[in-house]
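Please open the structure in a viewer and keep the selection panel at hand. The tour below proceeds by selection, with a description at each stop.

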Amino acid sequence: MRALDTLARLCALLAGSLLTAITAMTCASVLGRNLFGATLAGDFELTGVATGLAIALFMPWCQLRRGNIIVDFFTSTARPGTIALLDRLGALLVATVMVLLAWRTLLGGLNAWGNHSGSMLMGFPDWVVYAGMVPPLLLTALIAFCQALRPLAGEAP
């Protein structure tokens with residue numbers, strides 16, 4: 001899990017850097033528009049692209065930290081073994097969904113590559129975003145799968 005932890009941290013750092021750059025670009029665009037009457041063409045396109053990529057990049061860290069929302073209304077009185085089993089099943093479900101998302105994202109990227117599709121103003125190639133999303137989705141799936149198989153904290157190995 002140490003390698004997965006390192007990769008998840010790198011993804012999260014990359015996502016944070018990406019969002020910081022987009023925030024700076026948006027501020028520059030707004031200031032330029034209001035102070036000088038000039039704006040950055042396609043800033044909203046880049047914001048959408050970077051935000052989508054950042055979401056995918058944050059997912060491995062979220063899964064590693066078990067940061068997903070847990071609704072324990074029905075399990076608050078359950079035995080610890082039952083809760084552990086449900087947590088493992090939930091991790092397995094997340095792994096399955098992430099593999100499906102990665103697969104469909106890969107197909108979407110290949111389709112965007114073949115169609116030469118891009119953003120409206122800048123012509124930014126769509127396949128680049130898809131290609132950037134597939135590895136963190138697969139990493140999230142791998143982390144979730146490992147969590148489904150490994151003992152949870154406080155659980156006997």
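## First stop: A95 and its partners

Select A95, which is located in helix α3. The model is a predicted one. With a relative accessible area of 6%, A95 is buried, because any value under 20% counts as buried.

Keep A95 selected and add F145, a residue of helix α4. The two residues are 50 positions apart along the chain, and their C-alpha atoms are separated by 5.5 Å. F145 has a relative accessible area of 39% and is partly exposed.

Next, add A148 to the selection. A148 and A95 are 53 residues apart along the chain, and a distance of 8.7 Å separates their C-alpha atoms.

## Second stop: helices α3 and α4

Extend the selection to the two whole helices: α3 covers residues 80–115, and α4 covers residues 126–149. How far apart are the axes of α3 and α4, and at what angle do the helices pack? The axes are 8 Å apart, and the packing angle is about 165°. The two helices are therefore roughly antiparallel, since an angle over 145 degrees is counted in that class. In this arrangement α3 passes α4 in a left-handed crossing.

Colour the contact by residue class. The contact of α3 with α4 comprises 22 nonpolar, five polar and two charged residues.

Now select L139, which lies in helix α4. Is L139 buried or exposed? Its relative accessible area is 9%, so L139 is buried. Add A102 and draw a distance between the C-alpha atoms: L139 and A102 are 37 residues apart along the chain, with 9.7 Å between these atoms.

## Third stop: the loop residue H116

Select H116, in the loop between α3 and α4. Although H116 is not a glycine, it has a positive phi of about 55°. Show the surface here: H116 is exposed, with a relative accessible area of 70%.

## Fourth stop: helices α1 and α2

Select residues 2–36 for helix α1 and residues 43–64 for helix α2. These helices pack at an angle of about 155°, and their axes are 8 Å apart. The angle makes α1 roughly antiparallel to α2. Viewed as a pair, α1 passes α2 in a left-handed crossing.

Colour this contact by class as well. Its residues divide into 18 nonpolar, five polar and four charged.

Within helix α2, select T47. T47 counts as partly exposed, at 25% relative accessibility. Add M25 to the selection: the C-alpha atoms of T47 and M25 are separated by 8.7 Å, and the residues are 22 positions apart along the chain.

## Fifth stop: helices α2 and α4

Hide the other helices and keep α2 and α4. How are α2 and α4 oriented to each other, parallel or antiparallel? Their axes come within 8 Å and cross at roughly 15°. The two helices are therefore roughly parallel to each other, because angles under 35 degrees fall in that class. Here too the handedness can be inspected: α2 passes α4 in a left-handed crossing.

## Sixth stop: the loop residue R66

Select R66, in the loop between α2 and α3. R66 is not a glycine, yet it has a positive phi of about 50°. At 38% relative accessibility, R66 counts as partly exposed.

## Last stop: the largest pocket

Finally, display the pockets and select the largest one. Its volume is about 480 Å³. Which residues lie nearest the centre of the largest pocket? They are I69, I70, L86, D87 and G90, from a lining of 18 residues.

Show helix α3 once more beside this pocket. Helix α3 contributes eight residues, the largest share of the lining. Colouring the lining by class gives nine nonpolar, six polar and three charged residues.

Key: Residues numbered from 1 in each chain as written. Predicted model: local features only at pLDDT ≥ 70, side-chain atom pairs only at ≥ 80, totals over all residues. Heavy atoms only, no water. 1 Å grid on protein atoms, 1.4 Å probe; cavity = no way out; pocket = protein on both sides within 12 Å on 5 of 7 lines; lining within 4 Å. Points joined across faces, edges and corners; volume = space filled by probe spheres on them. Helix = DSSP H or I, 4+ residues; strand = E, 2+ residues; numbered from the N terminus. Nonpolar A, V, L, I, M, F, W, Y, C, P; charged D, E, K, R; others polar. Axes fitted to C-alpha atoms, helices over the stretch in contact; angles between N-to-C directions. Parallel < 35°, antiparallel > 145°, perpendicular 65-115°, else oblique. Left-handed = near helix turned anticlockwise from the far one by under 90°. Buried < 20%, exposed > 50% of the residue type's maximum accessible area, 1.4 Å probe, protein only.
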